[in-house]
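Trainee: I have just opened this one and could use a guide. Could we go through it together?

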Amino acid sequence: MSPRLPVFPLGTVLFPGLVLPLHIFEERYRELVRHLVALPDDTPREFGVVAIRRGWEAPLSTAPGASAPAADVSLHEVGCTAELRQVTELPDGRYDIVTVGRRRFRLNDVDTDSQPYLTGEVEWLPEPDGQEDLADLLAPRVLSVFRRYLRLMRADGASDDTLDLAEVSEQLPEDPTVLSHLVAATAALTVEDRQRLLAADDTATRLRAELRLLNREAALLGRVRAVPVPLAELAVPISAN
(Lines give C-alpha, C1' and ligand atoms only; values in the text may rest on other atoms or scores of the structure.)
Protein backbone atom coordinates (compact mmCIF):
# COMPACT_ATOMS: atom_id res chain seq x y z
CA MET A 1 0.00 0.00 0.00
CA SER A 2 1.35 3.42 -0.99
CA PRO A 3 2.04 5.82 1.88
CA ARG A 4 -0.16 8.86 2.40
CA LEU A 5 1.04 12.27 3.52
CA PRO A 6 -0.50 15.58 4.52
CA VAL A 7 0.11 17.94 1.60
CA PHE A 8 1.05 21.61 1.97
CA PRO A 9 0.87 23.55 -1.34
CA LEU A 10 3.35 26.43 -1.52
CA GLY A 11 4.59 28.91 -4.08
CA THR A 12 8.12 27.61 -3.66
CA VAL A 13 10.13 24.38 -4.05
CA LEU A 14 11.67 22.58 -1.08
CA PHE A 15 14.81 20.44 -1.45
CA PRO A 16 16.20 17.72 0.84
CA GLY A 17 18.46 19.13 3.55
CA LEU A 18 17.25 22.72 3.21
CA VAL A 19 15.58 24.62 6.06
CA LEU A 20 12.05 25.96 5.54
CA PRO A 21 10.50 28.17 8.26
CA LEU A 22 6.73 28.64 8.04
CA HIS A 23 4.16 30.85 9.74
CA ILE A 24 0.96 28.83 10.20
CA PHE A 25 -2.23 30.86 10.50
CA GLU A 26 -4.99 29.02 8.58
CA GLU A 27 -7.06 26.72 10.75
CA ARG A 28 -6.57 23.68 8.50
CA TYR A 29 -2.80 23.93 8.83
CA ARG A 30 -3.01 24.60 12.55
CA GLU A 31 -4.83 21.27 12.66
CA LEU A 32 -2.00 19.72 10.65
CA VAL A 33 0.59 21.00 13.14
CA ARG A 34 -1.45 19.67 16.06
CA HIS A 35 -1.68 16.31 14.30
CA LEU A 36 2.09 16.16 13.78
CA VAL A 37 2.91 17.20 17.34
CA ALA A 38 0.60 14.48 18.70
CA LEU A 39 2.37 11.69 16.80
CA PRO A 40 4.45 9.18 18.81
CA ASP A 41 8.11 10.08 19.27
CA ASP A 42 9.27 7.26 16.99
CA THR A 43 7.03 8.42 14.10
CA PRO A 44 8.44 10.85 11.50
CA ARG A 45 6.71 14.23 11.87
CA GLU A 46 6.69 15.16 8.21
CA PHE A 47 4.34 16.50 5.57
CA GLY A 48 4.67 16.95 1.85
CA VAL A 49 5.53 20.35 0.38
CA VAL A 50 4.42 20.62 -3.25
CA ALA A 51 4.88 23.69 -5.44
CA ILE A 52 1.76 25.23 -6.95
CA ARG A 53 1.68 24.94 -10.74
CA ARG A 54 -1.18 27.40 -11.17
CA GLY A 55 -4.15 28.75 -9.26
CA TRP A 56 -4.47 29.31 -5.55
CA GLU A 57 -5.93 27.68 -2.47
CA ALA A 58 -9.48 28.61 -1.50
CA PRO A 59 -9.60 29.81 2.13
CA LEU A 60 -11.50 27.61 4.55
CA SER A 61 -14.42 28.88 6.58
CA THR A 62 -13.78 28.86 10.30
CA ALA A 63 -17.45 28.48 11.21
CA PRO A 64 -18.18 25.40 13.35
CA GLY A 65 -19.23 22.46 11.21
CA ALA A 66 -18.37 24.20 7.95
CA SER A 67 -17.22 21.91 5.16
CA ALA A 68 -13.96 22.52 3.37
CA PRO A 69 -14.29 23.91 -0.15
CA ALA A 70 -12.15 22.34 -2.83
CA ALA A 71 -8.75 23.91 -3.30
CA ASP A 72 -8.66 25.78 -6.64
CA VAL A 73 -5.08 24.83 -7.28
CA SER A 74 -3.02 22.68 -9.62
CA LEU A 75 0.05 21.08 -8.08
CA HIS A 76 3.31 19.82 -9.51
CA GLU A 77 3.80 16.05 -9.38
CA VAL A 78 7.11 15.95 -7.49
CA GLY A 79 7.54 17.36 -3.99
CA CYS A 80 9.71 17.02 -0.90
CA THR A 81 8.73 16.15 2.63
CA ALA A 82 9.27 18.73 5.37
CA GLU A 83 10.25 17.28 8.74
CA LEU A 84 9.01 19.26 11.72
CA ARG A 85 11.97 20.32 13.87
CA GLN A 86 10.69 23.23 15.96
CA VAL A 87 7.23 24.48 16.94
CA THR A 88 6.35 27.76 18.64
CA GLU A 89 2.70 28.24 19.48
CA LEU A 90 1.59 31.88 19.59
CA PRO A 91 -1.04 33.20 22.04
CA ASP A 92 -3.75 33.41 19.36
CA GLY A 93 -3.27 29.81 18.21
CA ARG A 94 -1.00 30.48 15.25
CA TYR A 95 2.31 28.64 14.94
CA ASP A 96 5.83 29.47 13.86
CA ILE A 97 7.52 26.26 12.78
CA VAL A 98 10.92 25.28 11.44
CA THR A 99 11.14 22.35 9.05
CA VAL A 100 13.91 20.63 7.09
CA GLY A 101 13.51 19.01 3.69
CA ARG A 102 13.93 15.26 3.96
CA ARG A 103 12.99 13.09 0.95
CA ARG A 104 11.54 13.50 -2.53
CA PHE A 105 8.27 11.94 -3.63
CA ARG A 106 5.89 11.76 -6.56
CA LEU A 107 2.30 12.76 -5.80
CA ASN A 108 0.00 10.14 -7.29
CA ASP A 109 -3.35 11.49 -6.11
CA VAL A 110 -4.80 14.16 -3.83
CA ASP A 111 -7.63 13.72 -1.31
CA THR A 112 -9.53 16.92 -0.47
CA ASP A 113 -12.21 15.34 1.73
CA SER A 114 -10.85 13.03 4.44
CA GLN A 115 -8.99 15.73 6.43
CA PRO A 116 -9.32 19.51 6.85
CA TYR A 117 -6.03 19.77 4.91
CA LEU A 118 -5.04 18.05 1.67
CA THR A 119 -3.56 14.56 1.80
CA GLY A 120 -1.96 12.58 -0.97
CA GLU A 121 -0.83 9.11 -1.96
CA VAL A 122 2.89 9.32 -2.68
CA GLU A 123 5.73 7.29 -4.18
CA TRP A 124 9.20 7.83 -2.73
CA LEU A 125 11.94 8.95 -5.16
CA PRO A 126 15.34 7.94 -3.76
CA GLU A 127 18.47 9.02 -5.60
CA PRO A 128 19.21 6.05 -7.89
CA ASP A 129 22.60 4.39 -8.15
CA GLY A 130 24.59 4.06 -11.35
CA GLN A 131 25.92 7.53 -12.23
CA GLU A 132 28.06 8.27 -9.18
CA ASP A 133 31.24 8.57 -11.26
CA LEU A 134 29.63 11.11 -13.57
CA ALA A 135 28.25 13.05 -10.60
CA ASP A 136 31.73 13.10 -9.03
CA LEU A 137 33.13 14.59 -12.26
CA LEU A 138 30.39 17.20 -12.58
CA ALA A 139 30.41 18.38 -8.96
CA PRO A 140 33.76 20.31 -9.09
CA ARG A 141 32.66 22.06 -12.30
CA VAL A 142 29.35 23.07 -10.72
CA LEU A 143 31.22 24.26 -7.61
CA SER A 144 33.50 26.45 -9.70
CA VAL A 145 30.70 28.05 -11.72
CA PHE A 146 28.55 28.45 -8.61
CA ARG A 147 31.33 30.30 -6.78
CA ARG A 148 31.67 32.65 -9.75
CA TYR A 149 27.90 33.11 -9.83
CA LEU A 150 27.85 33.96 -6.08
CA ARG A 151 30.63 36.53 -6.54
CA LEU A 152 28.64 38.20 -9.31
CA MET A 153 25.49 38.14 -7.20
CA ARG A 154 27.27 39.76 -4.26
CA ALA A 155 28.72 42.44 -6.52
CA ASP A 156 25.27 43.03 -8.03
CA GLY A 157 23.65 43.31 -4.59
CA ALA A 158 21.46 40.53 -3.13
CA SER A 159 17.91 41.17 -1.96
CA ASP A 160 17.00 40.89 1.71
CA ASP A 161 15.07 37.66 1.18
CA THR A 162 18.03 35.89 -0.49
CA LEU A 163 20.17 33.51 1.52
CA ASP A 164 23.36 35.10 2.89
CA LEU A 165 25.57 34.54 -0.14
CA ALA A 166 28.85 35.01 1.71
CA GLU A 167 27.82 32.38 4.24
CA VAL A 168 26.72 30.00 1.49
CA SER A 169 29.98 30.37 -0.44
CA GLU A 170 31.99 29.46 2.67
CA GLN A 171 29.95 26.34 3.41
CA LEU A 172 29.59 24.72 0.00
CA PRO A 173 29.47 20.92 0.36
CA GLU A 174 31.57 18.55 -1.69
CA ASP A 175 29.02 15.72 -1.70
CA PRO A 176 27.48 15.84 -5.22
CA THR A 177 23.89 15.20 -4.13
CA VAL A 178 23.98 17.70 -1.25
CA LEU A 179 25.62 20.24 -3.55
CA SER A 180 22.98 19.74 -6.24
CA HIS A 181 20.19 20.46 -3.74
CA LEU A 182 21.92 23.52 -2.27
CA VAL A 183 22.58 25.05 -5.69
CA ALA A 184 18.99 24.47 -6.77
CA ALA A 185 17.63 26.13 -3.64
CA THR A 186 20.09 29.04 -3.51
CA ALA A 187 20.45 30.24 -7.10
CA ALA A 188 18.00 32.91 -8.25
CA LEU A 189 15.93 30.59 -10.43
CA THR A 190 12.27 30.49 -11.32
CA VAL A 191 9.92 28.07 -9.60
CA GLU A 192 9.72 26.17 -12.89
CA ASP A 193 13.52 25.81 -13.07
CA ARG A 194 13.68 24.68 -9.44
CA GLN A 195 10.86 22.22 -9.98
CA ARG A 196 12.65 20.64 -12.93
CA LEU A 197 15.78 20.26 -10.79
CA LEU A 198 13.82 18.66 -7.95
CA ALA A 199 12.23 16.21 -10.39
CA ALA A 200 15.55 15.28 -12.06
CA ASP A 201 16.02 11.53 -12.19
CA ASP A 202 19.40 11.51 -10.46
CA THR A 203 22.20 13.69 -9.10
CA ALA A 204 24.22 13.68 -12.33
CA THR A 205 21.23 14.87 -14.35
CA ARG A 206 20.55 17.61 -11.80
CA LEU A 207 24.18 18.78 -11.77
CA ARG A 208 24.34 18.84 -15.57
CA ALA A 209 21.20 21.00 -15.70
CA GLU A 210 22.58 23.28 -12.98
CA LEU A 211 25.82 23.74 -14.89
CA ARG A 212 23.83 24.97 -17.88
CA LEU A 213 21.60 27.25 -15.76
CA LEU A 214 24.50 28.72 -13.77
CA ASN A 215 26.52 29.43 -16.91
CA ARG A 216 23.49 31.19 -18.37
CA GLU A 217 22.87 33.27 -15.24
CA ALA A 218 26.54 34.12 -14.75
CA ALA A 219 26.82 35.24 -18.38
CA LEU A 220 23.77 37.48 -17.98
CA LEU A 221 25.10 39.00 -14.76
CA GLY A 222 28.51 39.54 -16.37
CA ARG A 223 27.02 41.31 -19.39
CA VAL A 224 24.81 43.55 -17.26
CA ARG A 225 27.80 44.64 -15.17
CA ALA A 226 30.21 44.93 -18.10
CA VAL A 227 28.03 47.18 -20.29
CA PRO A 228 26.80 50.10 -18.16
CA VAL A 229 24.19 52.43 -19.60
CA PRO A 230 25.75 55.80 -20.59
CA LEU A 231 24.67 58.60 -18.28
CA ALA A 232 23.53 60.65 -21.26
CA GLU A 233 20.94 58.01 -22.10
CA LEU A 234 19.49 58.28 -18.60
CA ALA A 235 18.95 62.02 -19.01
CA VAL A 236 16.76 62.03 -22.12
CA PRO A 237 13.84 64.39 -21.43
CA ILE A 238 10.27 63.18 -21.78
CA SER A 239 8.60 64.89 -24.74
CA ALA A 240 5.29 66.62 -24.12
CA ASN A 241 2.56 65.82 -26.63
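Trainee: Let me start with one residue: where does Asp175 lie?

Mentor: Asp175 lies in the loop between helix H3 (165-170) and helix H4 (176-186), where helices (H or I, at least four residues) and strands (E, at least two) are DSSP runs numbered from the N terminus. Before we go on, keep in mind that this is a predicted model, in which local features need pLDDT of at least 70 and side-chain atom pairs count only at pLDDT 80 or more, while totals for chains, interfaces and linings use all residues. Residues are numbered from 1 along each chain as its sequence is written, and side-chain values use heavy atoms, with hydrogens and water left out.

Trainee: Is Asp175 buried or exposed, or partly exposed?

Mentor: Asp175 counts as partly exposed because its relative accessibility is 41%; buried means under 20% relative accessible area, exposed over 50%, and partly exposed in between (1.4 Å probe, protein chains only).

Trainee: Which residues gather with Asp175 in a patch?

Mentor: Asp129, Glu132, Asp133 and Asp136 gather with Asp175 in a patch of negative charge on the surface. Patches are made of residues with over 30% relative accessible area and no salt bridge, like charges being joined within 9 Å and nonpolar side chains (Val, Leu, Ile, Met, Phe, Trp, Tyr) within 5 Å.

Trainee: And which residues form a positive patch?

Mentor: Arg147, Arg148, Arg151 and Arg154 form a positive surface patch. Of these, Arg148 has its place in helix H2 (residues 132-156) and is partly exposed, because its relative accessible area is 39%.

Trainee: Changing topic, what does Asp201 touch?

Mentor: Leaving out residues up to four places away in sequence, Asp201 touches Arg104 and Pro128, contact meaning heavy atoms within 4.5 Å. Asp201 and Pro128 are 73 residues apart along the chain, and their C-alpha atoms are separated by 7.7 Å. Asp201 is found in the loop between helix H5 (191-198) and helix H6 (203-226), and it counts as exposed because its relative accessibility is 59%.

Trainee: What about His76, buried or exposed?

Mentor: His76 is buried, since its relative accessible area is 10%, although this residue is found in a loop, the one between strand E4 (73-75) and strand E5 (78-89). Not counting neighbours within four places in sequence, His76 is in contact with Val50, Ala51, Ile52, Arg53, Leu107 and Gln195.

Trainee: How many salt bridges are there?

Mentor: The count comes to 15 salt bridges, a salt bridge being a side-chain nitrogen of Lys or Arg within 4 Å of a carboxyl oxygen of Asp or Glu. One of them pairs Glu26 with Arg28, with the closest N and O atoms 2.9 Å apart; Glu26 is partly exposed at 22% relative accessibility, whereas Arg28 is buried at 5%.

Trainee: Which salt bridges does Arg34 form?

Mentor: Arg34 meets Glu27 in a salt bridge at 2.5 Å, N to O, and Arg34 also forms a salt bridge with Glu31, where the closest N and O atoms are 3.1 Å apart. Arg34 and Glu31 are separated by about one helical turn, because they are 3 residues apart in helix H1 (residues 27-37). Elsewhere, salt bridges that share partners join Asp193, Arg196, Arg216 and Glu217 into one network.

Trainee: And the whole protein, how many helices and strands?

Mentor: The protein has 7 helices and 7 strands, and buried residues make up 42% of its 241 residues.

Conventions. Accessible areas come from the Shrake-Rupley method with a 1.4 Å probe; for residues, only the protein chains shown count as cover. Lys and Arg count as positive and Asp and Glu as negative; His and the chain ends are not counted. The place of a charge is taken as NZ of Lys, CZ of Arg, CG of Asp or CD of Glu.
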